[in-house]
Amino acid sequence: MSKTLDRLTLLANFARIAERGSISAAARDQNISQASSSRQLAELEARLAVSLIHRTTHTLALTEAGHECLAEARRLLSSWEALAERFGDEDAKMTGRLKIVAPVALGQLHLVRAALHYQKAHPGVSLTWLLEDEPIRFSEIGCDLWVRIGPVPDETLVVQPLGHVERMIVASPALLKGAAPEHPSQLAGFPCAALTPFEGSAIRLNTSAGETHHVTPNTPIATNNIFSAYEAAKMGTGFAVMPRWFVQSDLQSGALIDILPEWRAAALPINAAFLPAQRQTRRLRLFREHMQTAVTAIEGITA
């Protein structure tokens, strides 16, 4: 085994320990002993002359140097895999791992099917599919691709726009009682079920003609979960700002009403974020293309 490969092996072991939060779990993943994984970590720290992981009796935590090293390790490992693919057999079956983080509702209701179709088409690629709405530490969790609704709060990542989400004001007929508002100024007379990551003390609405109105809602319930806001709207607890892709069937059935069809809340971007690299692995590049197609095929999301 060459020294270069030794170094990559040490980095891969460190990255797996950081991702799993456990030397024993990382060792199992790599089919090596816990002692071997621990020795590799110690050797990497000795070569770099820095402590990468702070060890206590029950936990492992990355040091500041460990966080920096982890980001670089993932870039180097990804570049090595891309280089190996470049000079390998282009017709060979794709293999390897992909860890994807996607929004909870969009990932659960739509994107998971696209991910499963991808894995079925490329059975040599193993997918880890995680659903999370809150910001993540990309390199620390060993993520390959982060699909996020809204801006990506990490300047170290490359961000690829996938689409924009149409959002509207919806309410149940029980809340309106036959007296739907005709202008956003009338929303003050109705309670609101606010989705706090996007709406709080003010809701900005726009028309296609460029007219803007700011609503200060009466909010008896606020939540960070779209399913909860949706249930509140259906039960008549309040109106809610909802993406069309989430409520399209309810609009068709009449369970919810688009109460101000000329007005829309600001569209939200859907972004795909990934680490910069001179060359990406083929499995990640194809998965990104697959997600792009899947996202723009969803009703209520525009390219």
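User: Let's start with C69. Is this residue buried or exposed?

Analyst: Relative accessibility is the number to read here, and a residue counts as buried when the value is under 20%. This is a predicted model, and in it C69 has 12% relative accessibility, so it counts as buried. C192 is buried too, because its relative accessibility is 2%.

User: How many disulfides does the structure hold?

Analyst: To find a disulfide, look for two cysteine sulfur atoms within 2.5 Å of each other. This structure holds zero disulfides.

User: Why does C69 form no such bond?

Analyst: Check the distance to the closest cysteine sulfur. For C69 that sulfur belongs to C143 and is 19 Å away, which is too far for a bond.

User: How do I read a nonpolar core, and which residues touch the most other members in the largest one?

Analyst: Think of buried nonpolar residues joined through their side-chain atoms. The largest nonpolar core has 42 residues, and L145, M242, W245 and I270 are the ones that touch the most other members. Helix 5, covering residues 104–121, gives the most to this core, with six residues. Another core lies apart from it; this one has 18 residues, including A18, I23, L62 and L70.

User: What does L145 touch?

Analyst: Leaving out residues up to four places away in sequence, L145 touches K99, I100, V101, F138, A272, A273, F274, L284, F287, R288 and M291.

User: Now a charged residue: where is D250 found, and is D250 buried or exposed?

Analyst: D250 is found in helix 8, which runs over residues 244–253. The under 20% cut-off applies again, and D250 counts as buried because its relative accessibility is 6%. With residues up to four places away in sequence set aside, D250 touches Y230, K234, A255 and L256.

User: Let's turn to pockets. How much space lies in the largest pocket, and which residues are closest to its centre?

Analyst: For a pocket, look at its volume and then at its lining. About 650 Å³ of space lies in the largest pocket. It is lined by 27 residues, and L77, S78, E81, R97 and R283 are the closest to its centre.

User: Which elements give two or more residues to that lining?

Analyst: They are helix 1 (3–20), helix 4 (64–86), strand 3 (96–102) and helix 9 (282–296). Helix 1 gives the most, with seven residues.

User: And how do the lining residues divide by type?

Analyst: Sort them into nonpolar, polar and charged. The lining of the largest pocket has 13 nonpolar, six polar and eight charged residues.

Technical notes: Residues numbered from 1 in each chain as written. Predicted model: local features only at pLDDT ≥ 70, side-chain atom pairs only at ≥ 80, totals over all residues. Heavy atoms only, no water. 1 Å grid on protein atoms, 1.4 Å probe; cavity = no way out; pocket = protein on both sides within 12 Å on 5 of 7 lines; lining within 4 Å. Points joined across faces, edges and corners; volume = space filled by probe spheres on them. Helix = DSSP H or I, 4+ residues; strand = E, 2+ residues; numbered from the N terminus. Nonpolar A, V, L, I, M, F, W, Y, C, P; charged D, E, K, R; others polar. Buried < 20%, exposed > 50% of the residue type's maximum accessible area, 1.4 Å probe, protein only. Core = buried A, V, L, I, M, F, W, Y, C linked by side-chain atoms within 4.5 Å. Contact = heavy atoms within 4.5 Å.
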